[in-house]
Amino acid sequence: LAQKHSFTSALSSKFRTRQSIRSSHLQMAAVTKVSRIGKLTPSTTTFFLCDIQERFKPLMYNSETIISTSRYLTSIASTLSIPLIASQQYTKVFGNTIPECFANGQVDVDNLKAKNRIFEKKLFSMMTTEVESELEKEYFHGRDSVVLFGIEAHVCVQQTCLDLLEQGKDVHIIVDCVSSQQPFDREIALTRMGNAGAHLTTAQSLAFMLMQSAEHDHFKVISKLTVGHMKLPNQFNSSYEKSNL
């Protein structure tokens, strides 16, 4: 009888273990499925602004649109309380982050510096030791989606994207806010990142994905930002229209 009881207990324990493993696998599958779909919420997202610096301004393809779209994105981040991390590649040579990337210009840049959220780097990827340490802080726990924009698409943006994907992050590339000096480099980099598993999207699509509903508390503010941004020249739209004539 004791042997029978022991055998029954073992089977029960084995069954519970299998159920626990199955449940764990289902949960992991659900997370993976959501990640692959690419839905976004403000509470699980971080914005990465990559190397939009003074020295690059006259060199980048469609640089004016990159700057104005950065301003739109950083305003969205501010409105929805989404943390922003910025990087500067070898500041001594390439200069500081362009103030026009922010609604309040240099004031916003200074505030970001005061929060220690602008990171100097020589590594091409933004995922330096300092940035990784920042992301390990409790405030960033659960923020597994990264919205990535900046320059250059085929170097720093691409390497940041691949590093983030390798860490299991859900990466969203804002195609109308990513550029290189040469359009062909940009085009190939976007293809490369998309094939690697990043989600390619636009700034406006991102904004409405983050809100999900016209009943969102900040819908009117974001809508006003969107209307203002749409009134500005978009060099990528112009290039697209010319290529389809």
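Helices and strands here are DSSP runs, with helices at least four residues long and strands at least two, numbered from the N terminus. With that in hand, we can place asparagine 62 in the loop between β1 and α2. This is a predicted model, and that loop residue makes a pleasant doorway into it. The phi of asparagine 62 is near 60°, a positive value in a residue that is not glycine. Is asparagine 62 buried or exposed? Its relative accessible area is 10%, and buried means under 20%, so asparagine 62 counts as buried.

Let us step back and take in the whole chain. The protein chain holds 10 helices and six strands. It has 245 residues, and 44% of them count as buried. If you look at contacts between residues at least 6 apart in sequence, 82% of these join residues at least 24 apart. The accessible surface comes to about 13,800 Å², with 54% of it belonging to carbon and sulfur atoms.

Now to the interior. The largest nonpolar core has 31 residues, and Phe47 and Phe149 have the most contacts inside it. At least two residues of this core come from each of β1, α2, β2, α4, β4, β5 and α8 (203-211). The largest share belongs to α2, which supplies six residues. A second, separate core has 25 residues, among them Leu135, Phe140, Leu164 and Ala189.

Phenylalanine 149 is a good place to pause. Setting aside residues up to four places away in sequence, phenylalanine 149 touches, among others, Phe47, Phe48, Leu49 and Cys50. Its contacts also include Ser70, Leu73 and Thr74, as well as Ile174, Cys177 and Val178.

Helix α6 (residues 153-166) comes next. Its buried residues are Ala153, Cys156, Val157, Gln158, Thr160, Cys161, Leu164 and Leu165. Why would such a spacing suit a helix? An α-helix has 3.6 residues a turn, so residues three or four places apart point the same way. The cover over the buried residues of α6 includes the strands β1 (45-50), β2 (84-89), β3 (118-121), β4 (145-151) and β5 (170-179), together with the helix α7 (183-196). Both sides of α6 have backbone details to look at. In the loop between β4 and α6 sits glutamate 152, and a cis peptide bond joins isoleucine 151 to glutamate 152, with omega about -15°. On the other side, α6 is followed by glycine 168, which has a positive phi near 85°.

Arginine 117 deserves a visit too. This residue lies in the loop between α4 and β3. Where does a charged residue such as arginine stand on the scale of accessibility? Arginine 117 has 14% relative accessibility, so it counts as buried, the cut-off being under 20%. Leaving out neighbours within four places in sequence, arginine 117 is in contact with Pro83, Leu84, Ile85, Ala86, Leu112, Glu134, Tyr139 and Phe140. Of these partners, isoleucine 85 is 32 residues from arginine 117 along the chain, yet their C-alpha atoms are separated by 5.1 Å.

The open and enclosed spaces complete the picture. The largest pocket contains about 410 Å³ of space. Its lining has 18 residues, and Thr74, Ala77, Ser78, Leu112 and Lys115 lie nearest its centre. Both α2 (63-79) and α4 (106-114) supply at least two residues of that lining, with the largest share, five residues, coming from α2. By class, the pocket lining divides into eight nonpolar, seven polar and three charged residues.

Which spaces are closed off? A search of the whole structure finds one cavity of 30 Å³ or more, and the largest cavity has a volume of about 40 Å³. Its lining is made up of Ile52, Gln53, Phe56, Lys57, Met60, Ser63, Ile66, Ile67, Ile98 and Ile151. Here again α2 gives the most, with three residues. Seven of the lining residues are nonpolar, two are polar and one is charged.

We can finish with a counterpart to asparagine 62. Glutamine 212 also has a positive phi, about 70°, although it is not a glycine. This residue lies in the loop between α8 and α9 (219-230). Its relative accessible area is 54%, so glutamine 212 is exposed, the term being used for values over 50%.

Terms used:
Residues are numbered from 1 along each chain as its sequence is written. This is a predicted model: local features need pLDDT of at least 70, side-chain atom pairs count only at pLDDT 80 or more; totals for chains, interfaces and linings use all residues. Side-chain values use heavy atoms; hydrogens and water are left out. Buried means under 20% relative accessible area, exposed over 50%, partly exposed in between (1.4 Å probe, protein chains only). Contact means heavy atoms within 4.5 Å. Accessible areas come from the Shrake-Rupley method with a 1.4 Å probe; for residues, only the protein chains shown count as cover. On a 1 Å grid over the protein atoms alone, a cavity is a set of points where a 1.4 Å probe fits but cannot get out, and a pocket is an open set with protein on both sides within 12 Å along at least five of seven lines; lining residues have an atom within 4 Å of a point. Grid points are joined across faces, edges and corners, and a volume is the space filled by probe spheres set on the points. Ala, Val, Leu, Ile, Met, Phe, Trp, Tyr, Cys and Pro count as nonpolar, Asp, Glu, Lys and Arg as charged, and the others, Gly among them, as polar. A nonpolar core is a set of buried Ala, Val, Leu, Ile, Met, Phe, Trp, Tyr and Cys residues joined through side-chain atoms within 4.5 Å.
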